[in-house]
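Trainee: Before we put labels on anything, could you show me the structure?

Mentor: Here it is. Ask for the reason behind each label.

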Amino acid sequence: MIRQLLQLIALFIMQVLVINNLELSAYINPYIYPLIILSLPLNTARTTILFYAFAVGLAMDFFCNTAGMHAAAMLWLAYMRPFIFKSLSPRSNINAEEMLSVKSIGFTSFLYYSLILIFLHHFLYFFLEVFSFNQFFHTLLKIILSTFFSALLVIITAILFAPNKLRT
């Protein structure tokens, strides 16, 4: 449990200190901090997940000066998490106490699970950021490109944080 907590703190610090300072394009803003909620075990109580999501989102808002947009997007992601996971339901023999990862549910299932939830997170976040539908296709392009790069970074991070058996 302590190892997992340290990984989550390292992930948050990496987001705040490194990824938030990357300037890839006006259309690409990758966020990997949703992995903190994506990787929580299945048996985690729903209220606990919502509390963690709000706390992580609020911390991101504090560091990014975004007035609740990250908190709202993380709450949306945490709320949708069980529905998306259930609809994908990769395997019935998943250990509910284990952190969700590429190893525990398989690469393809983790990719779809992450991609859908990151898209939902980014959809709410970027539309809250512009708070208008005037530039709908501009915002949609930003959501799609940011989702792609965020999912890529989430998968890479999930593989790097996976137990040694997966990397060898």
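**Labels and the values behind them**

Mentor: In this predicted model, R46, I49, L50, A53, F54, V56, G57, L58, M60, D61 and C64 of α3 meet M69, H70, A71, M74, L75, A78, Y79, R81, P82 and F83 of α4.

Trainee: What makes these residues count as meeting?

Mentor: Heavy atoms within 4.5 Å make a contact. The residues on the two lists, from α3 and from α4, meet in that sense.

Trainee: How does the contact of α3 with α4 divide by class?

Mentor: It has 16 nonpolar, two polar and three charged residues. G57 is in the contact, and Gly counts as polar under the scheme used here. R46, D61 and R81 are also among the residues that meet, and Asp and Arg count as charged.

Trainee: Why are α3 and α4 called roughly antiparallel?

Mentor: The axes of α3, residues 46-64, and α4, residues 69-88, cross at roughly 155° and come within 7 Å. The cut-off for roughly antiparallel is an angle over 145 degrees. The value lies beyond it, and α3 and α4 are therefore roughly antiparallel to each other. The crossing of α3 past α4 is right-handed.

Trainee: What makes α6 oblique to α7?

Mentor: Helix α6 (residues 107-130) packs on helix α7 (residues 136-161) at about 140°, and their axes are 8 Å apart. An angle must be over 145 degrees to be roughly antiparallel, and 65 to 115 is the range for roughly perpendicular. An angle of about 140° fits neither, so α6 is oblique to α7. This contact has 17 nonpolar, six polar and two charged residues. Here too the crossing is right-handed, with α6 passing α7.

Trainee: How do you know that α1 and α3 are roughly parallel?

Mentor: They pack at an angle of about 30°, with axes 11 Å apart. Roughly parallel requires under 35 degrees. The angle meets that, so α1 and α3 are roughly parallel to each other. F12, Q15 and V16 of α1 make the contact with V56, A59, M60 and F63 of α3. Six of these residues are nonpolar, one is polar and none is charged.

Trainee: Q15 is one of those contact residues. Is Q15 buried or exposed, and how do you know?

Mentor: Q15 lies in helix α1 and has 0% relative accessibility. Buried means under 20%, so Q15 counts as buried. Leaving out residues up to four places away in sequence, Q15 touches N20, P30, Y31, I32, Y33 and M60.

Trainee: How do you know whether H121 is buried or exposed?

Mentor: The same test applies. H121, in helix α6, has a relative accessible area of 0% and is buried. With residues up to four places away in sequence left out, H121 touches Y33, P34, A73, M74, W76 and L77. The C-alpha atoms of H121 and Y31 are separated by 9.6 Å, although the two residues are 90 apart along the chain.

Trainee: What makes A26 exposed?

Mentor: A26 sits in the loop between α1 and α2. Its relative accessibility is 58%; exposed means over 50%, so A26 counts as exposed. The C-alpha atoms of A26 and T108, residues 82 apart along the chain, are 29 Å from each other.

Trainee: Why pick out N65, and what is its phi?

Mentor: Most residues other than glycine have a negative phi. N65 is not a glycine, and its phi is positive, near 55°. N65 is in the loop between α3 and α4, and at 72% relative accessible area it is exposed. A67 is in the loop between α3 and α4 as well, with a positive phi of about 50° although it is not a glycine. At 79% relative accessibility, A67 counts as exposed.

Trainee: What makes the whole chain as compact as a globular protein of its length?

Mentor: Its radius of gyration is 15 Å, and the globule rule gives 15 Å for 168 residues. The two values are close, so the chain is as compact as a globular protein of that length. The chain has eight helices and zero strands, and 42% of its 168 residues count as buried.

Definitions and conventions
Residues numbered from 1 in each chain as written. Predicted model: local features only at pLDDT ≥ 70, side-chain atom pairs only at ≥ 80, totals over all residues. Heavy atoms only, no water. Axes fitted to C-alpha atoms, helices over the stretch in contact; angles between N-to-C directions. Helix = DSSP H or I, 4+ residues; strand = E, 2+ residues; numbered from the N terminus. Left-handed = near helix turned anticlockwise from the far one by under 90°. Rg over C-alpha atoms; globule rule 2.2 N^0.38 Å. Buried < 20%, exposed > 50% of the residue type's maximum accessible area, 1.4 Å probe, protein only.
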